[in-house]
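I sat down with this model to see how its parts fit together. Here are my notes, in the order I took them.

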Amino acid sequence: MTTLTTQVAIIGGGPSGLLLSQLLNKAGIETVILERSTRDHVLARIRAGILEWGTVELLREAGVGARMEAEGIPHDGCYLTDEELMVHIDFKELTGKQVMVYGQTEVTTDLYNAQDTIGTTVLHEVSDVDIRDLDQAKSYVEFTHEGTRKRLECLYVAGCDGFHGVSRKTIPEEKRREFERVYPFGWLGILSETPPVNDELIYSNSRHGFALASMRNENLVRYYVQVPLTDKVEDWSDQRFWDEFSRRIPSEAASRLVTGPSIEKSIAPLRSFVSEPLRWGNLFLVGDSAHIVPPTGAKGLNLAASDVYYLYTALIDAVKGKTTGIDEYSARALARIWKAMRFSWQMTTMLHRFDGEDAFAEQMRKATLNHLATSETARRDLAENYIGLPF
Ligand code: APR
Ligand code: PHB
């Protein structure tokens, strides 16, 4: 069997694995990434597009900030609306901070290019990953690559392989505690080469359900509508999408809506999920392998970035013999994860219609939006969470 050696084996070459690898290599720590799919497949995924400022700074620290600086769009605020009521959340005024509009696909592309430049090892199309000896001084990962079984020896394993990966399941079931909330609807999203309906994002609550107007650049929009889980993409012609979207946003915005053909259309279910602990011997879970948030509030990638921050600083110490950081990783990361879980759950509850809900539930949503409209304290609390809690 071919044997490879590294300091940190990284399972999964999505944003978590790539960013961790990039930061560790910059600090002189060797990594090998094992990724199940091809690079093109990883880069074809369309995910949220809002970076907290902490994420922006971490990407700069990783040396992948240049294109984001040039092409990303800093946003000073966003709108939350209820029918015709538009509540402006001015992040800049309320917190002194901004967020960056820059798609996850672009972040991932930049990270792959940076990994190429450094010359790190990223093995694609690996299968049957088996993580072993996590309770020993050295661990190893066995996997199949180019038709042969290989072994990767390492000090630590980072489980960056997303919700469906093997890393989390390597922790014995009786040692894991899982928390889950599945929401009874999904988001139908489209990409369209049209100018944004508004210069800032609009999160809309309406009697027809939720809608979100987001963007990638001045001629590319990402719009969503809440749909029943039973709906299929084929049920939604472009025309049906535009009709539904425009009746869910305030008419003032809808009057500016420019429609056009969709270039991508997909439906994603909404889920909140956390698995504890994040550490098992030499294995550390990072990003979607340990937690999922609903997209309301765009916390997914940003939480992955804060996990990476805690873990990369801890691993730098650990290879020098100081283990307090890795000992504290799970508790530190989980403290921030639970706060983002709360925020994305609250945003989801505040903005979506739940099937079969009573009139009281609708009034609670309206009262929450009205309270935001009149209380700066409430807006500041929302803004603080939206721009990202410190890490
Ligand atoms: N072996 C190797 N690689 C695997 C395996 C496996 N058994 N299972 C999954 N992978 C790979 C996937 O192909 C994917 O490229 O792990 C990667 C995980 O990437 P993501 O699912 O994107 O998760 P992560 O890197 O943690 O990114 C954080 O932010 O906006 C959110 O959910 C969004 O992708 C997002 C996340
Ligand atoms: C997106 O641009 O895709 C996006 C933006 C904000 C969200 C979710 C998704 O809360």
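**Entry 1: between the domains.** I began with charges and found zero salt bridges across the interface of domain 1 and domain 2, a salt bridge being a side-chain nitrogen of Lys or Arg within 4 Å of a carboxyl oxygen of Asp or Glu. I should say at once that this is a predicted model, where local features need pLDDT of at least 70, side-chain atom pairs count only at pLDDT 80 or more, and totals for chains, interfaces and linings use all residues. Residues are numbered from 1 along each chain as its sequence is written, chains are lettered from A and ligands numbered from 1 in the order in which they are written, and side-chain values use heavy atoms, with hydrogens and water left out.

Next I looked up polar contacts (a pair of N or O atoms within 3.5 Å; within protein, one able to donate a hydrogen and the other to accept it, with residues adjacent in sequence counting only if both atoms are side-chain atoms). Three residue pairs, both at pLDDT 80 or more, make such contacts between domain 1 and domain 2. On the domain 1 side, strand 8 (99-101) and helix 11 are the elements giving two or more residues, and helix 11 gives the most, with three. Helices (H or I, at least four residues) and strands (E, at least two) are DSSP runs, numbered from the N terminus.

**Entry 2: bounds and area.** Which stretches make up each domain? Domain 1 is 2-74 + 98-180 + 271-347, and domain 2 is 184-268 + 353-387; the bounds come from an automatic or database domain assignment. I noted 19 residues of domain 1 in contact (heavy atoms within 4.5 Å) with 14 residues of domain 2. The two domains bury about 1400 Å² between them, 67% of it on carbon and sulfur atoms; this is accessible area (1.4 Å probe) lost on putting the two parts together, summed over both. In domain 1, I46, V101 and F343 lose the most area to domain 2, together 30% of what that side buries.

**Entry 3: the sheet.** I then traced an open sheet of eight strands, in the order 7-6-15-16-17-14-18-21 with mixed pairing. Strands pair if DSSP finds at least two bridges between them. Strand 7 (85-90) and strand 21 (291-292) are the edges, each pairing on one side only.

**Entry 4: the hairpin.** Strand 6 (residues 77-82) pairs with strand 7 in the antiparallel sense over six bridges. I found C78 opposite I89, and G77 with D90 as its bridge partner. Two residues lie between these strands, and E83 takes a positive phi near 50° in this hairpin.
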